[in-house]
Every structure is written in C-alpha cells, then in structure tokens.
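Reader: Hi! I would enjoy a close look at the charged side chains in this model and how they pair up. Could you walk me through that part?

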Amino acid sequence: MAIEIFKLFGSIMVDNEKANKSISDTDKKAEGLGKKFLGGVGKVAKWGAAIAGAAAAGGAALFGMANKAAGVTDRIDKLSQKIGISRKGFQEWEFILSQSGTDIEKMQTGLKTLTARMTEAAKGSGTGSEAFKKLNLSVKDSSGSLKSQEQMFEETVIALQKMKDGTEKSRLATELFGKAGLELMPLLNGAAGSVEELKAKAHELGLVISDDAVDAGVKFTDTIDQLQRSFNAVVTNIGVAVMPMMQTFCDWILQYMPQIQAILSAFFGGIEFLV
C-alpha cells in the first residue's frame, strides 16, 4: 500500500513537472502572442489612421474637383445667357476664339452690333442691309422668321473667311461687328482654321460638355451658395443672441473706465520705475 502511494506521489510529481513546463511554455507563447497581438493592433490603428487620413484627403480632393467643375459649368450657363447663345455654341466659340488669339467677350461685343445690323437688314435699309447683301446672306430663315444671332454670327464669320483679305473685308467686319471686328480679324482671316474644323476639334478634345452636365453644375453651385448663406445666418443669429451680454460688458467697462485707467497707470508707472 505504501509502495503504491509512493508510486502515485512520484507519478504526480513527474507529471506535475511536465505540466509546469507545459504551462511555462504556454505562458511564454501567450506572452509572445499577446505582444504580437498588441503590435498588430498598433499597426491596424496606424493603418486605420492612415486610411482615415487618406479618405479625408480624398474626400476634400473630390469636393474640390466637384466645386471647380461646378464653377466651370455655372460660368457656361451664365455667360451663354448673357451673350445670347446656346451653351453648346458658347463652348464651341470660346475654343474657336481662343485659337484665334481673342476671347468670348469680343464675341459678346460684336453680337450687339450684329443684332442692330440684323434689325436694319430685316427692314431693308441701313448699313446692315447693304453689308449682308454683299456677303450674300439673309437675316431671315426659310419661314420668314429672323434668324438667331448665334446662327447669323456663324454665317457671317464663314462668309468673311471666304473673302480675300483686304480693305473691303475689314470694312465689312467693322460695319457688322463694330470695334470687335478688328479683334476678330485673325479668326476672319482663317489663320487658325475654318469654323467647321475648329468646332470638330473642340468636340474631339472633349471641350464641349452636355446640357445635363451643365444643369448638374448649376444646381451644385446653387446648393453650395445656399449652404454658405445658411451657415452665415447661424453665425449671425448666435452673434445677435450674444450681443446684449457683450453690450452689458462694454457698458460696465465704460462705467468704470476712470478706475481702470488709474490702475493701469499705476501698473505701468511701476514697470517704468523698475526699468
């Protein structure tokens, strides 16, 4: 019996040593695993911060792109209405004129004079009537209605491009486009190419965007303007609410200004003495 107990005790001791060793090994592994886990958590946190930062930067970049695109589309919408031509025509002519060393504003100036000449030609009198006859152009369409100024501008430019360069061409350009006629001479001389070629090039380069895209940009611009005005209104309302408290504080300062000045004078006098 005693021998059996001794064997049992010995077995327990031996097994216990194995168990302790196993536990020790397990602890070491657990400690290593814990360090790796914490290190992994740290890396994940860094990755998360990097991803969040990248997402924020990407979001800001995307917003900036959208805002810039909206500015472009809003400009197309507003200026095309101001000039009196279609959005598509505005984009085409802006490219055509830029290739000829001038800008869309010259077209706007020229269109004012051209419209006046169209009115004269429709009545069959005046400078406009004579000028359009020399170019073999009619200001009315097949139905007898007055053509749009955009259509008439294009027809007039193409007709002048077909003329030989010289005094007569310059005179007609000035009569039909006013002072802008001189600015448009590089275009009228066809130095950069014909109107048809340049229009095709504008579309080929993807410079002409659809009306749907312009509408989306105009809506986005209006939405941003509304947001800015709303936030400004919030700040104004908070300022109005705080104003009475600040007024009371200012009134208190004014009320005790003599004492405040006396204290400050004594303070700065002491500093002066020390210096």
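Author: Happy to! One definition comes in handy at the start: a residue is called buried under 20% relative accessible area, exposed over 50%, and partly exposed in between. Please keep in mind, too, that this is a predicted model.

With that scale, Glu120 counts as partly exposed because its relative accessibility is 25%. Glu120 forms a salt bridge with Arg117, and the closest N and O atoms of this pair are 3.3 Å apart. Both residues belong to helix H3 (residues 104–123), where they sit 3 residues apart, about one turn of the helix. Elsewhere, salt bridges that share partners tie Asp74, Asp77, Lys78, Arg87, Asp211 and Asp215 together in one network.

In total, the structure holds 18 salt bridges. Another of them brings together the side chains of Arg75 and Glu94, at 2.6 Å from N to O. Here the pair connects distant parts of the chain, with Arg75 in helix H1 (residues 2–83) and Glu94 in helix H2 (residues 87–99), 19 residues apart. Arg75 has a relative accessible area of 35%, so it is partly exposed. Glu94, with 25%, is partly exposed as well.

Helix H2 also supplies a partner for helix H9 (residues 195–204): Lys199 of H9 pairs with Glu92 of H2, and their positions lie 107 residues apart in the count, again linking distant parts of the chain. The closest N and O atoms in this salt bridge are 3.6 Å apart. Both Lys199 and Glu92 are buried.

Lys199 turns up once more when we come to Glu150, a residue of helix H5. Glu150 is buried yet has no salt bridge, and Lys199, the nearest side chain of opposite charge, is 5.9 Å away. Why does that pair not count? A salt bridge needs a side-chain nitrogen of Lys or Arg within 4 Å of a carboxyl oxygen of Asp or Glu, and the distance from Glu150 to Lys199 is 5.9 Å. Leaving aside residues up to four places away in sequence, Glu150 touches Ile85, Ser86 and Gly89.

One last stop is the loop between helix H4 (126–134) and helix H5 (149–162), where Asn136 is found. Asn136 has a positive phi of about 55 degrees, although it is not a glycine. Asn136 counts as exposed because its relative accessibility is 72%.

Note on methods
Residues are numbered from 1 along each chain as its sequence is written. This is a predicted model: local features need pLDDT of at least 70, side-chain atom pairs count only at pLDDT 80 or more; totals for chains, interfaces and linings use all residues. Side-chain values use heavy atoms; hydrogens and water are left out. Helices (H or I, at least four residues) and strands (E, at least two) are DSSP runs, numbered from the N terminus. Buried means under 20% relative accessible area, exposed over 50%, partly exposed in between (1.4 Å probe, protein chains only). Lys and Arg count as positive and Asp and Glu as negative; His and the chain ends are not counted. Contact means heavy atoms within 4.5 Å.
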